[in-house]
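Visitor: I have a structure open and I'd like to learn how to read it, one feature at a time. Could you walk me through it?

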Amino acid sequence: MPGLLDGKSALVTGAGSGIGRATALAFAREGAWVAAADLKLEAAQETARMVEAAGGQAVAIEVDVTDDAAVAAMVQAAVKAFGGLDCAFNNAGIAPYQVNAAGQKIADVAPEAWQQLLDVNLTGVWRCLRHEVAQMRTQGGGAIVNTASVAGLVGLPSSSAYVASKHGVVGLTRTAAADHAEENIRVNAVCPGYIETPMTEDTMRRKGERILARVPMARMGRPEEIAEAVVWLCSDRASFVTGAAWTVDGGYSAV
Ligand code: NAP
């Protein structure tokens, strides 16, 4: 059976872990060549090895999405490896605990923590978008998916910087979709609920029961369940879908 992404090249940031790794594998399963980019080269290399072990083709790229020159180089490396860039998944992100802001209300969040979180989660997506769009417009189009969150649609207590960054990703996605529709570049966001990855381990240990009580499906999602949505949004099956913020959250944001 033909794959949804046969013959396409796809770039994934945050590909060394969680949702990014699962999506790199799903892209490859659907026939795409994968450029797996992450902050830690070894993590990206491990994903590339997993893709190849499953019969796909991948390159690993080291990138810090807070560094514009590194993001430009990442896009160039993907283009060099595969001759173009058809799909991009801008997924690298961090949680409040990674900037020492876990559980803090607005007045308690240090300006540096706010800045750092926004720099990775929101401006990082913008840096990726600008270089990817510049490449895609030279090839006549492409499809981009940004990782937002249910925290891009509703507020979450004690997570102001994260919530602001993810609302920003949703707004950026909608605007990028409008800006580049005529150039045949589709831009969508995926909004995961609580997903089993290293990012949520600590939160779930501390308050998993309370969180799951709010999820209609009463469980966490698996990274592979986000990957399926991303694959479809990147594929030609989604040819009339742009500017969408697609929830994959077990019903969390529906109630
Ligand atoms: P994860 O397992 O921690 O993966 C995130 C990856 O991004 C890690 O490999 C991380 O590298 C990398 N990264 C962090 N900062 C980076 C930077 N400056 N440049 C390049 N790569 C960087 O987390 P995940 O759960 O898969 O999260 C993926 C995305 O989904 C994030 O945007 C997150 O906000 C979003 N999300 C997650 C959930 C959830 O419940 N898990 C829910 C909604 C949205 P290091 O490990 O070296 O830091």
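Visitor: Let's start with one side chain. Which residues does Arg127 touch, leaving out those up to four places away in sequence?
Guide: A contact here means heavy atoms within 4.5 Å. Keep in mind that this is a predicted model. With sequence neighbours up to four places away set aside, Arg127 touches Val65, Thr66, Asp67, Asp68, Val71 and Asp119. You'll find Arg127 in helix H4, residues 111-139.

Visitor: And is Arg127 buried or exposed?
Guide: The cut-off for buried is under 20% relative accessible area. Arg127 has 10%, so it counts as buried.

Visitor: How do I check a helix? Take H5: what should its 21 residues span?
Guide: The idea is to allow 1.5 Å for each residue, using one less than the number of residues. For H5 that gives an expected 30 Å, and its end C-alpha atoms are 30 Å apart, so the two agree.

Visitor: Which residues of H5 are buried, and what do they pack against?
Guide: Among them are Tyr162, Val163, Lys166, Val169, Val170 and His180. The partners of the buried H5 residues are H4, E5, E6 and E7.

Visitor: Let me try the ruler on H7, residues 223-234. What span do its 12 residues call for?
Guide: They should cover 16 Å at 1.5 Å a residue, and the end C-alpha atoms sit 17 Å apart, which agrees. The buried residues of H7 are Pro223, Ile226, Ala227, Ala229, Val230, Val231, Leu233 and Cys234. These pack against helix H1 (18-29) and against strands E4 (87-90), E5 (142-147), E6 (185-192) and E7 (245-248).

Visitor: Now the ligand. Which residues come nearest to it?
Guide: Start with the shell of residues around the ligand. There are 28 of them here, and Ser17, Asp38, Tyr162, Ile195 and Thr197 come nearest. By type, the shell divides into 14 nonpolar, 10 polar and 4 charged residues.

Visitor: Where should I look for polar contacts with the ligand's oxygen atoms?
Guide: Look for pairs of N or O atoms within 3.5 Å. A polar side-chain atom of Asp38 is 2.7 Å from a ligand oxygen. Lys40 also has a side-chain N or O atom 2.8 Å from an oxygen of the ligand. With Ile19, a polar backbone atom lies 2.8 Å from a ligand oxygen.

Visitor: How much of the ligand does the protein bury?
Guide: On its own the ligand exposes 890 Å², and the protein buries 92% of that. H1 and helix H5 (160-180) are the elements that give two or more residues to the shell.

Visitor: What about backbone angles? Which way does phi go at Asn184?
Guide: Check the sign of phi, and whether the residue is a glycine. Asn184 isn't a glycine, yet its phi is positive, about 65°. This residue lies in the loop between H5 and E6. Ala218 is another non-glycine with a positive phi, about 55°. You'll see Ala218 in the loop between helix H6 (201-212) and H7. At 51% relative accessibility, Ala218 counts as exposed.

Visitor: One last stop: where is Pro2?
Guide: Pro2 is in the segment before strand E1 (9-13). Its relative accessibility is 66%, so Pro2 counts as exposed. Sequence separation and distance in space are worth reading side by side. Pro2 and Gly31 are 29 residues apart along the chain, and their C-alpha atoms are separated by 7.9 Å.

Terms used. Residues numbered from 1 in each chain as written. Predicted model: local features only at pLDDT ≥ 70, side-chain atom pairs only at ≥ 80, totals over all residues. Heavy atoms only, no water. Helix = DSSP H or I, 4+ residues; strand = E, 2+ residues; numbered from the N terminus. Buried < 20%, exposed > 50% of the residue type's maximum accessible area, 1.4 Å probe, protein only. Near = heavy atom within 4 Å. Polar contact = N/O pair within 3.5 Å; in protein donor to acceptor, adjacent residues only side chain to side chain. Areas by Shrake-Rupley, 256 points an atom, 1.4 Å probe, with all protein chains shown as cover. Nonpolar A, V, L, I, M, F, W, Y, C, P; charged D, E, K, R; others polar.
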